[in-house]
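Biologist: Before we look at any single feature, could you take me through this model step by step and tell me on what grounds each label is given?

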Amino acid sequence: MNAVRVERDALGQWEVPADAYWGIHTARARRNFEISGTPISRHPALVAALAEVKLAAATVNAAHGLIDPLIGRAIVAACRRIIAGELHDHFVVDVIQGGAGTSSNMNANEVIANAALEALGIARGRYDVVHPIDHVNRSQSTNDVYPTAIRLATVRALRRLAPELTALAASFEDRGDAFAGIRKIGRTQLQDAVPMSLGDEFTAFAAAISEDLRRLEETVPLLLECSLGGTAIGTGVTADAAYRGDIVAALAAASDLPVTPAAHLFEASWDTSAFLQTSSLLRRIAVKLSKISSDLRLLSSGPQTGLGEIRLPAQQAGSSIMPGKVNPVIPEAMNQVAFAVMGADVTIGIAAESGQLQLNAFEPVIAHSLLQAIEWLTNGVRMLRERCVDGIRAREETLERNISVAVGAVTALVPAIGYEAAARAAHQSLATGESLVDAVVAHAGIDRDEVAQLLAAAR
C-alpha cells in the first residue's frame with residue numbers, strides 16, 4: 001500500500017500521497033476537473049511564471065516583516081527550483097478548471113510550501129510551519145496572481161515565436177533572391193494574369209511575415225501591465241501598503257521582464273483584452289501562413305498535370321497504394337496548425353466577452369488556448385522553414401513554357417496598341433491556338449519584330 005498523509009481543509013480531510021508536493025486543494029481539483037487530461041505542467045512557462053510571482057511576493061513580504069525571513073528564504077529557494085524546471089510534474093491540475101484559476105494558484109502554493117518545508121528539513125504537510133496560504137499566498141489573491149502569470153508566460157512564449165518567424169521570413173527572402181531572374185505568369189482568380197518573377201512571389205511571402213513581427217513587438221508592453229497588489233477584484237485587501245508599493249518592482253527583478261503597474265486595478269482585475277489582442281494577432285499570422293502554405297501546395301501541384309512550377313523537398317512517401325507519389329505534407333501540416341490557432345482565437349474571444357462584473361472566470365481556457373496556439377505556431381513555423389522552404393527549387397522549364405504561351409503577357413502591350421486590339425489578339429490566340437505574336441500582328445498593325453521587342457521588355 002502506498003504511503004499517504006492526511007491533510008485537512010474547511011470541507012474535511014483527504015489522503016494525499018506522502019511523496020506529493022501538492023496537497024488537499026490540488027487533490028480536490030484533480031477530482032473535480034477530469035476534463036482535458038492535460039495538466040498545467042504542459043505549459044512550463046506558466047508554471048515558472050507562477051513561481052516568479054510567488055518569489056517576488058515572498059521577497060517583499062519578508063522585507064517588510066509580513067512573514068518570517070527564514071520562511072521567506074525557504075519559499076524563495078523553492079521558487080527558484082521551479083523556475084529552474086524542477087518539480088513541474090507536481091503541477092497536476094487540469095488546464096481547464098472552474099474557479100478563475102484558483103486551482104492553479106493553490107497547486108503552486110502547495111508545491112512551493114512543501115518544497116520550502118523540505119528546504120527547512122521539515123516533513124511535507126507541516127503547514128503549521130510553512131502554510132500554502134498564510135505564507136506562500138500572503139498579500140495575494142488568485143485574482144492578481146493568475147492573470148499576471150499568464151501575461152509573463154505569454155511574453156516568454158512570444159519571444160520564442162518571434163525568432164522562428166524571423167528565420168522563416170529570411171528563408172523566403174533567400175529563396176526570392178535565388179529566383180529573382182526566373183520569370184513566370186502571375187495569376188488572379190486562379191486565371192493567368194501578367195508576368196512577374198518567381199522571386200517577387202517569394203519575397204512577398206517574406207514581407208507578409210515581417211509585417212507581423214512588428215505587430216508582435218507592439219503587443220508586448222500591453223501584456224507586461226501587471227495587476228499585482230490588487231488582490232481580490234483590485235481592492236488590495238489583505239495586502240499591506242508597503243507590499244503594494246514594492247511588488248511590481250520585485251516581480252520585474254524576479255522575472256527579468258520590464259513589468260509595469262496597471263493604471264486601474266479594478267479594471268485590470270477583469271479586463272482580458274491584452275490576451276484578446278495577442279490572440280487576434282496570432283490569428284492574423286496563422287491566416288497568412290495558411291495562405292502561403294496553400295500557395296506552396298498549389299504551385300507544386302501535379303507535378304506533371306498540375307501547375308508544377310516549384311519542387312518542394314520530398315519528406316516521405318505520399319501513398320500506401322500509388323508508387324512514386326509524394327505529397328506536400330509539410331505545408332499541409334502548417335495549414336492544420338493555422339486552423340487550430342484560428343479556432344483558439346474564437347475560444348479566447350468568447351471567453352473574454354463572457355467575463356462578468358469584477359472578474360473573468362474563464363481565464364484558464366484563455367491561458368491554455370493562447371499558450372498552445374503560440375507553441376503550435378512556433379513549432380509549425382520551424383517545421384515549415386527547415387523541412388520545406390529552405391529546400392524549395394524552381395522548375396524553370398515549366399515556368400518558361402508557361403510564360404511563352406500565356407496570353408496574359410499581352411497586357412504589357414496595351415500602352416502601345418490599346419486595350420481593344422490587345423483584347424482581340426488575346427481572344428484569337430486562345431480560340432485558335434495561334435501564337436500571341438501572330439495574333440497581335442493581325443489585330444494591332446505592327447510588325448513581328450516590334451511585338452517581340454515589346455514582349456521581351458515586359459518579361
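Modeller: Let us begin with a definition: a disulfide is a pair of cysteine sulfur atoms within 2.5 Å. Please keep in mind that this is a predicted model. With that cut-off, a search of the whole structure finds zero disulfides.

Biologist: Why is C226 not counted as part of a disulfide?

Modeller: The cysteine sulfur closest to that of C226 belongs to C79, and it is 15 Å away. A disulfide needs the two sulfur atoms within 2.5 Å, so the distance of 15 Å is too far for a bond.

Biologist: What makes C226 buried or exposed?

Modeller: The relative accessible area of C226 is 2%, and buried means under 20%, so C226 is called buried. The value for C388 is 1%, and by that cut-off C388 is buried as well.

Biologist: Where do these two cysteines appear among the cavity linings?

Modeller: C388 is one of the residues that line the largest cavity, while C226 is found in the lining of the second largest cavity.

Biologist: How do you know that there are cavities, and how many are there of 30 Å³ or more?

Modeller: Rolling a probe the size of a water molecule over the atoms shows where empty space is left. The structure holds two cavities of 30 Å³ or more. The largest has about 40 Å³ of space, and for the second largest the value is also about 40 Å³.

Biologist: Which element gives the most to the lining of the largest cavity, and which classes of residue are found there?

Modeller: Helix α11, which covers residues 329–353, gives the most, with three residues. The lining includes L312, P313, Q315 and R387, and by class it has seven nonpolar, two polar and one charged residues.

Biologist: And what is the lining of the second largest cavity made of?

Modeller: Among its residues are T148, R151, L152, E225 and V259. The elements that give two or more residues are α6 (142–178) and β5 (225–226), and α6 gives the most, with three. By class, this lining has six nonpolar, one polar and two charged residues.

Biologist: Why is the pair D9 and R28 called a polar contact?

Modeller: A polar contact needs a pair of N or O atoms within 3.5 Å, and the side chains of D9 and R28 make one at 2.8 Å, so the distance satisfies the cut-off. D9 lies in strand β1, residues 4–9, and, leaving aside residues up to four places away in sequence, D9 touches I24, H25 and R28.

Biologist: What makes some backbone angles worth pointing out?

Modeller: Most residues other than glycine have a negative phi, and most peptide bonds are trans. Against that background, T231 has a positive phi of about 40 degrees although it is not a glycine, and phi of T238 is near 75 degrees, also a positive value. Then there is the bond that joins G302 and P303, which is cis, with omega about -5 degrees; P303 lies in the loop between α10 (273–299) and β7 (310–311).

Biologist: Where are T231 and T238, and is each of them buried or exposed?

Modeller: T231 is in the loop between β5 and α8 (241–255), and T238 is likewise in the loop between β5 and α8. T231 has a relative accessible area of 2%, which is under 20%, so T231 is buried. T238 has 58% relative accessibility, which is over 50%, so T238 counts as exposed.

Conventions:
Residues are numbered from 1 along each chain as its sequence is written. This is a predicted model: local features need pLDDT of at least 70, side-chain atom pairs count only at pLDDT 80 or more; totals for chains, interfaces and linings use all residues. Side-chain values use heavy atoms; hydrogens and water are left out. On a 1 Å grid over the protein atoms alone, a cavity is a set of points where a 1.4 Å probe fits but cannot get out, and a pocket is an open set with protein on both sides within 12 Å along at least five of seven lines; lining residues have an atom within 4 Å of a point. Grid points are joined across faces, edges and corners, and a volume is the space filled by probe spheres set on the points. Helices (H or I, at least four residues) and strands (E, at least two) are DSSP runs, numbered from the N terminus. Ala, Val, Leu, Ile, Met, Phe, Trp, Tyr, Cys and Pro count as nonpolar, Asp, Glu, Lys and Arg as charged, and the others, Gly among them, as polar. A polar contact is a pair of N or O atoms within 3.5 Å; within protein, one must be able to donate a hydrogen and the other to accept it, and residues adjacent in sequence count only if both atoms are side-chain atoms. Contact means heavy atoms within 4.5 Å. Buried means under 20% relative accessible area, exposed over 50%, partly exposed in between (1.4 Å probe, protein chains only).
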